[in-house]
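Hi,

Here is the structure I promised to pass on. Please open it first, then read my notes below.

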Amino acid sequence: MAAGTTAAVAAPAVTTTNAISSSFADTFADPSMIQGRDGYWYAYATSDPLVANGPFGLMHMARTKDFSSWEYLGTVFNDQTKPAWAASGSFFWAPDIRYFGGRYVMYFTVTDTLANAGGDPAIGVATAPTPAGPWTATDGPVVTPKPDGNGGYFGTIDPAMLTAADGKRYLYYGGFYGGLAVTELSADGLHAVGSPTQVTVGDRYEGSYVVYRDGWYYLTGSSMNCCAGPTTGYSVFGGRSRSPRGPFLDASGASMNESRVGGTTVITQNGNKWIGPGHHAFITDAAGQDHIVYHAIDRGTPWLTDPFGINRRPMLIDRIDWIDGWPRTRAGLGPSDGPVPAPTTGSALGIDSTDPAGGLVGAARQPGDAVGGPTALISGAGRTRQAAPGGSLRVEADVRIGSSFTTVLGGGAVVASVSGDKVTIAAGRRTASAALPADFDRTQWNKLSVQVSGSTVTARLNDAGLGDVYAEAQLVVPGLKLPSAPVSWLGSAEVDNLTVRTVAAPATRMADVPRTGDLLAGDEFSSGLGASWSWVRQDDKAVVADGKLSWPLENADLVGGGNNAGLLFHTTPARDSWIAETKLHLDLGEGDIRNYQQAGMIAYLNDSDFARLGNVAIWRTRQTEYGRELVARPSDGATSYGAAAIGRSAPTLWMRLAYHKNAASEHVYRAGTSVDGKNWTWGASWVLSAPARLGLYAHGEFTGANPAPVATFDYLRFYESK
């Protein structure tokens, strides 16, 4: 390669449109993704049929160079290679892909093993020399089935692995039945060791994924139901901890492992065609932009087969913005349904050597090159340089590091080194370092990134760029201005998939949410119910007294055929948008089983078509549920019910439903909750076909507390929506 500096070449803008799996599959559920050593991005999915009437695969694989076009690669296993310890009727779900120890490692759910009759889910693991396989399963589960003490088994499902800063590997797993747990793994990642730690309460989360960022471990998981067709309300929430074992707390300080369960919204549905976004993974592109890979359901075509059959869950991708320390999908906007910028791949710059005789062999491999293509070998006798702009910059590569390896940015303005047992950053007169694990293996390929974003410099060494970490050094240098100068590499290393990119511009504020304006109408319950109120199935136990509406919970329900609950409605403003608000006091206690005592607000067309926002007891948890029921099979009137979670439950809870018409003249109702009446958490939207009646409800099964709890409403108000 000739000496000198190679000029930057402007790459054409690449966009992608959800669903990104549509070119090769109608459904590609529970996706995970990794950039392979060959530069391609590989995606993996659960073993549903790809298309209607197709066969069940044994988990699926696909790959892309640019996130614009995809190639389907077949299944992970076949009948001869699937785990020998899986029962013949077992399904294989939720693959989690990793790379460490010189091989690809995949964790996955086995729904039924030979060890016990019936469903006894366990976590399997398989390894491969390339991201496309061939995959070899181990001769037993990495996490065995967990008996529930009642003749059944807890949900040992949905694995996600993480290599943490302490050098240990951890596996997160679990589901609604039993909650999420984490166990340490052996160094090779193939065996669970020690005792697991519970990290979330049961009946709330599944589909976990964990990443390390800025000194925090972020546990994210999916809530409510993945697969209710047109009423699927799956959403992703998160908490963080300084330890990979938790406890994980949300942005308000609420734990994910308590009855009034916490969780900060990562993604939820926004009123466009996509509902039920969840079971996700995170990736980071060449510009340092994080993305969430997930599945969702098009509410217009929710079924892969007949209604109440297999759900049609294609793969989607959107950017993750870190705002005030929390991951938010598109700054809170949620799933996209039009063209958006694709993840940045490859490098727009060339690579050159100031001393070709010093050991630079070949070129840095770019995405699309075949496995076994050339890598750059940087020796201690030479220096490798690559042209680069100034300002915010990210340099990333797969590396196999010798005794010492240094990256120099901005002509020496920033120097990042991996030497001895540390990763060190120097900028000006400031330095920062982070220790490598004592058993860090320099003979293996790892991912190294050095990023200057504004005044923050970060150097990180990890397995495969999937939120894992061996060491991360971070330094804030006020007034840092990185000049335009070649990036230089010194020391000894093999380098592959080298990229130099301007850092993606970060979002710094959340997207706008509904805000209240002038008061339009309502009732403060200062006297009896007036002409603005009307009933469906009047409940005479609901009375107005002392400035409140007091309503003992009815032993009744509104879901399915159980349409015997009373509903109280108020006339709504004759406008295309408004916000309804109530203040509810309902003490549901904590920790005991009270299915499904609840009260709240409802947007109602009829007994088979409504959206219901309630403070509700779900087994031992207390949650705020925004449920939806509609007729899913018109031939016989069969209804489907599903729900999204939002915010946190509390004995006193403020609730809002914000109404507006969308561009298609559909009627959208978005839910918000608050535990103090000042700070609001806005969550999922449900779309109804016509303007709904808006009112209050209070009902639930009488399992648990007796006599019935009393719901008290302080008011119902309608505000102008700004």
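**Salt bridges and cavities**

Asp714 counts as buried, because its relative accessibility is 17% and the cut-off for buried is under 20%. Keep in mind that this is a predicted model.

Asp714 has a partner. Its side chain meets that of Lys583 in a salt bridge, at 3.6 Å from N to O. Lys583 sits in strand S39 and Asp714 in strand S48 (residues 710-721), so the pair ties together parts 131 residues apart in sequence. Lys583 itself is partly exposed, with a relative accessible area of 22%.

Strand S39 (residues 577-585) also holds Glu581. Glu581 forms a salt bridge with Arg656, and their closest N and O atoms are 2.7 Å apart. Arg656 lies in strand S44 (residues 652-661), 75 residues away. Both Glu581 and Arg656 are buried.

A third pair is Asp38 and Arg63, at 3.7 Å from N to O. Both are buried. Asp38 is in the loop between S2 and strand S3 (41-45), and Arg63 is in strand S4 (residues 60-64), so this bridge ties together parts 25 residues apart.

The count of salt bridges comes to 34. Some share partners: Arg37, Asp398, Lys447 and Asp496 join into one network.

Now the empty space. There are nine cavities of 30 Å³ or more. The largest holds about 110 Å³. Its lining has 16 residues, and the closest to its centre are Gln35, Trp41, Thr284, Glu396 and Lys447. Strand S2 (32-35) and strand S33 (487-502) each give two or more residues to the lining. Of the lining residues, five are nonpolar, eight polar and three charged.

Best wishes

Notes. Residues numbered from 1 in each chain as written. Predicted model: local features only at pLDDT ≥ 70, side-chain atom pairs only at ≥ 80, totals over all residues. Heavy atoms only, no water. 1 Å grid on protein atoms, 1.4 Å probe; cavity = no way out; pocket = protein on both sides within 12 Å on 5 of 7 lines; lining within 4 Å. Points joined across faces, edges and corners; volume = space filled by probe spheres on them. Helix = DSSP H or I, 4+ residues; strand = E, 2+ residues; numbered from the N terminus. Nonpolar A, V, L, I, M, F, W, Y, C, P; charged D, E, K, R; others polar. Salt bridge = Lys/Arg side-chain N within 4 Å of Asp/Glu carboxyl O. Buried < 20%, exposed > 50% of the residue type's maximum accessible area, 1.4 Å probe, protein only.
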